[in-house]
Amino acid sequence: MESVDLTNRTRPLDSPIGGEAGWRWDHSYAALPEAFYQRIAPRLPADPSLVLLNAPLAEVLGLDPAVLSEPAGVAALSGGVVPPGVDPIAQAYAGHQFGSFTMLGDGRAVLLGEHLAPDGHRVDIQLKGAGRTAFARGGDGLAALGPMLREYLVSEAMHGLGIPTTRSLAVLRTDDPVQRETQLDGAVLVRVASSHLRVGTFEYAARFVGPDAVKTLADYALQRHFPDLHDSATPYRDLFVGVMQRQAGLVAKWMGVGFVHGVMNTDNVAIGGETIDYGPCAFLDAYHPSTVFSSIDTVGRYAFGNQPVITQWNLARFAEALLPLLAETPDEAVAWAQDRLGDFAAVYREAWLGVMRPKLGLFNAEDSDEGLIQDFLSLLADERADFTNRFRALADGLEDEPGEPDGYSAWRQRWRERLSRQPQPDVEARQRILAHCPAFIPRNLKVEQALTTGCEGDLSLLRRMLEVLGRPYDGHPGHEDLQQPAPSDAPPYRTFCGT
Ligand code: AMP
Ligand code: MG
């Protein structure tokens, strides 16, 4: 099966297509064998209008926000006009959803192609809500405005927190009604990703196409996400290890900010290591590892504290798809993969300690740190304390406070002793805490309020949250309302898939 050589795809850099906005299109994925996608144009949306445009992101991508906002720019962002030379597709993929294998694919998303940013980065430009495709099954191919605003807000908040994620370039409202429980406004989200390769893409190739296709895909993934492995003698093994390291690092970062992804199916595990699919995700208020927000996750498969173990399970599915590339014989391949999966706990633990130590103001490492961190989390869990605010409060929390629950005083004593064993003075530890414990996360009830008012045409809260969450480690006087956890008598927060 043919492979694609990204190094030889220089034409679009020499002759940009797409006009004044600054688009420089290429489509290396469409050069892969046709089993990997369906060629399909986005549907013509009814009267699209720009609701949100991410000007800072546009600028990083070398796109002119003013031109993107003009009618021709909006037409391109909404899928109404396909720029000349662009070759749109829907990607084929499969995946394990809540443990069961299923054929999936882009049912309502169209990948316009790849844009080559001025810094040389190649990013996917995908329109979500762009109509039915061959993979739509019973779905209508559409997206409603509220959930697309939600993805925009939460993905940009993740970026602000310093966590790898797909980005959101724009949300457009359309006059296409979307029938859910009620009739809603239609929308298109313009998603930017380092790629949309998923563990599920490999599962699709392995299950439905064949070993040659897995190799073609692996070669493509290596070029796109691990170019440094170009000269490796064992590229496919290194690909597996690289993906494992990125996933461990990513989930460790989620655990550091109290993020519950909510639907960690293998089709939502990006090979490039970005957070993808902002369906039922939410952030913890009250800390407890068993927290679940998704209405369909009845057994807590994707509960906050389960996310590392589920990542290992998902990586096992990735290893299965790669098996023919990992060794000469199946037995050898399985043994090698099992060894690597056995490394996961240690790889994850290191990544997690790397995230958590600075949250306690620690600059160096001691063996006892894990216990110190775990014991603090246990105190939070017992009390159902607010995860974000309690960590942030450590910056000014060296002294005991009256009325604290049992246990804090003894823990704080250990922590103070630990801080005194590092060379940095406490003022530096304090700065480190402030730089690693966000003051702001997207608070669930505020997110809901911003989406409700946003869908009614009042974007003020949404814009204010985007502004504050873009720099969540800074203080933002006057925006204290965005730091409030849900009131303790509020009903449990619930989120939904299939939006
Ligand atoms: P998700 O829950 O977003 O990961 O989607 C799971 C699968 O359902 C993917 O194959 C989606 O493309 C597909 N899908 C979700 N919503 C729709 C829709 N409204 N129309 C068609 N396909 C959809
Ligand atoms: Mg998905």
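Is Phe208 buried, partly exposed or exposed? I will start there and work outwards. A caution before that: this is a predicted model.

The relative accessibility of Phe208 is 46%, so Phe208 counts as partly exposed. Its aromatic partner is Phe101, and that residue is also partly exposed, with a relative accessible area of 24%. The ring centres of Phe101 and Phe208 are 5.9 Å apart and the planes meet at 35°, so this pair is classed as tilted. In sequence the two residues are 107 apart, and the pair links distant parts of the chain. Phe101 belongs to strand 6, residues 100-103, and Phe208 belongs to helix 6, residues 199-209.

Phe101 has a second neighbour to mention. Arg207 lies over the face of the Phe101 ring, 3.7 Å from the ring centre. There is another arrangement of this kind at Tyr93, where the charged end of Arg198 sits over the ring at 4.0 Å from its centre.

Now the aromatic pairs in general. A pair of aromatic rings is described by two things, the distance of the centres and the angle of the planes. With rings paired when their centres lie within 6.5 Å, the count comes to 21 aromatic pairs. One of them is Trp23 with Trp25, a stacked pair with 4.6 Å between centres and 20° between planes. Trp23 has a relative accessibility of 4% and therefore counts as buried. Trp25 is buried as well, at 3%. There is also an aromatic cluster made up of Tyr287, Phe304, Phe376, Phe387, Phe391, Trp411 and Trp415.

Next, the ligand. What surrounds ligand 1? The shell holds 17 residues, and the closest are Gly105, Gly107, Asp140, Gly141 and Asp277. By class, that shell divides into four nonpolar, six polar and seven charged residues.

Three polar contacts of ligand 1 can be given with distances. An oxygen atom of ligand 1 lies 2.6 Å from a backbone N or O atom of Gly105. A nitrogen atom of the ligand is 3.0 Å from an N or O atom in the side chain of Asp140. At Gly141 the partner is a polar backbone atom, 2.8 Å from a nitrogen atom of the ligand. As for cover, ligand 1 taken alone exposes 490 Å², and the protein buries 82% of that.

I will finish with three buried residues, taken one at a time.

Arg191 is in strand 11, which covers residues 183-193. Which side chain does the side chain of Arg191 contact? The polar contact is with the side chain of Glu151, at 3.2 Å. Arg191 has a relative accessible area of 5%, and since the cut-off for buried is under 20%, this charged residue counts as buried.

Asn314 sits in helix 9, residues 307-326. Asn314 is buried too, at 2% relative accessibility. Its side chain reaches the backbone oxygen of Met264 at 2.9 Å.

The last one is Val171, in strand 10, residues 167-179. The relative accessible area of Val171 is 0%, so this residue is buried. Where Leu50 is concerned, Val171 is 121 residues away in sequence, but the C-alpha to C-alpha distance is 6.3 Å.

To return to the opening: Phe208 is partly exposed, and its tilted pair with Phe101 joins helix 6 to strand 6 across 107 residues of sequence.

Notes: Residues are numbered from 1 along each chain as its sequence is written. Chains are lettered from A and ligands numbered from 1 in the order in which they are written. This is a predicted model: local features need pLDDT of at least 70, side-chain atom pairs count only at pLDDT 80 or more; totals for chains, interfaces and linings use all residues. Side-chain values use heavy atoms; hydrogens and water are left out. Rings of Phe, Tyr and Trp (its six-membered ring) pair if their centres lie within 6.5 Å; planes under 30 degrees apart count as stacked, over 60 as edge-to-face and the rest as tilted. Buried means under 20% relative accessible area, exposed over 50%, partly exposed in between (1.4 Å probe, protein chains only). Helices (H or I, at least four residues) and strands (E, at least two) are DSSP runs, numbered from the N terminus. A charge sits over a ring if NZ of Lys or CZ of Arg is within 6 Å of the ring centre and within 35 degrees of the ring normal. A residue is near a molecule or strand if one of its heavy atoms lies within 4 Å of it. A polar contact is a pair of N or O atoms within 3.5 Å; within protein, one must be able to donate a hydrogen and the other to accept it, and residues adjacent in sequence count only if both atoms are side-chain atoms. Accessible areas come from the Shrake-Rupley method with a 1.4 Å probe; for residues, only the protein chains shown count as cover. Ala, Val, Leu, Ile, Met, Phe, Trp, Tyr, Cys and Pro count as nonpolar, Asp, Glu, Lys and Arg as charged, and the others, Gly among them, as polar.
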